[in-house]
Amino acid sequence: MKRLFLISLILLASCQKVEELVNPNSGNSESQELLDLVNKWRKSGCNCGSTQMPPVGTVVWQAQLESVALKHSQDMEKQNYFSHTGKNGSDPGGRITAAGYKWRTYGENIVKGYPDAKAVVDGWIKSEGHCKNIMNGNFKEMGVGKSGAYWTQVFASPM
């Protein structure tokens, strides 16, 4: 019984620490930087390839979307693949739904090998499809998860 209690306590403490580390509202500088960089582009507008994207409203950080993004990054790292489709056949919409988020619309950006938040967002902005996700005014919330060299960004709007 003591062993079970200790394991439960360790798991609880671990979960709380993870929440503190990844939530920009708790002062995590990389998560806040990602949110700030994305919102800077959204506020100013930009060219996504040959398409001029006008300014749009900002997005807010959403913990469920962050969790979905982190799990996908962890899965890609663990199973050594790079795709929007999980090894189990999952797609971004299915992963978001499985997390309990009721979405109206969603988008996902992935990247591998970038060293920091600024390089990741700069890379996404230079890619037409990724840029259009960042600039999509229908998206109201986002979360990002990083595992090793893998980054996943999930955008959505709730029902």
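Let's start inside the protein: phenylalanine 139 and phenylalanine 155 are both buried. The structure you are looking at is a predicted model, so a word on confidence comes next.

**Confidence**

The average pLDDT of the protein is 87, and 82% of the residues reach at least 70. Residues 1–23 are another matter, with a pLDDT below 50. Apart from near neighbours in sequence, this stretch makes 11 contacts in the model.

**Aromatic pairs**

Now back to the rings. The structure contains 2 aromatic pairs, set out here.

| Pair | Centre to centre | Angle between planes | Arrangement |
|---|---|---|---|
| Tryptophan 103 and tyrosine 106 | 4.7 Å | 85° | edge-to-face |
| Phenylalanine 139 and phenylalanine 155 | 5.4 Å | 10° | stacked |

Why is the pair of tryptophan 103 and tyrosine 106 called edge-to-face? Their planes stand at 85°, and planes over 60 degrees apart count as edge-to-face. Tryptophan 103 has a relative accessibility of 26%, so it counts as partly exposed. Tyrosine 106 is also partly exposed, at 28%.

The phenylalanine pair is stacked, with 10° between the planes. This pair joins distant parts of the chain, its two residues being 16 residues apart. Phenylalanine 139 sits in the loop between helix H6 (128–134) and strand E5 (141–147), while phenylalanine 155 belongs to strand E6 (residues 150–158).

**Two helices side by side**

Packed helices can be described by the angle and the distance between their axes. For helix H2 (residues 29–44) and helix H5 (residues 117–126), the axes come within 9 Å and cross at roughly 30°. Angles under 35 degrees count as roughly parallel, and H2 and H5 are therefore roughly parallel to each other. The crossing of H2 past H5 is right-handed.

Which residues make the contact between H2 and H5? From H2 come Glu30, Glu33, Leu34, Leu37, Val38 and Trp41. H5 contributes Ala117, Lys118, Val121 and Ile125.

**A closer look at isoleucine 125**

One of those H5 residues, isoleucine 125, is worth following further. Is isoleucine 125 buried or exposed? Its relative accessibility is 10%, and buried means under 20%, so isoleucine 125 counts as buried.

Setting aside neighbours within four places in sequence, isoleucine 125 is in contact with Trp41, Cys46, Cys131 and Ile134. Trp41 is also among the H2 residues that make the helix contact. Isoleucine 125 and cysteine 48 lie 77 residues apart in sequence, yet their C-alpha atoms are 6.9 Å apart in space.

Notes: Residues numbered from 1 in each chain as written. Predicted model: local features only at pLDDT ≥ 70, side-chain atom pairs only at ≥ 80, totals over all residues. Heavy atoms only, no water. pLDDT = per-residue confidence, 0-100. Contact = heavy atoms within 4.5 Å. Phe/Tyr/Trp six-rings, centres within 6.5 Å; stacked < 30°, edge-to-face > 60°. Buried < 20%, exposed > 50% of the residue type's maximum accessible area, 1.4 Å probe, protein only. Helix = DSSP H or I, 4+ residues; strand = E, 2+ residues; numbered from the N terminus. Axes fitted to C-alpha atoms, helices over the stretch in contact; angles between N-to-C directions. Parallel < 35°, antiparallel > 145°, perpendicular 65-115°, else oblique. Left-handed = near helix turned anticlockwise from the far one by under 90°.
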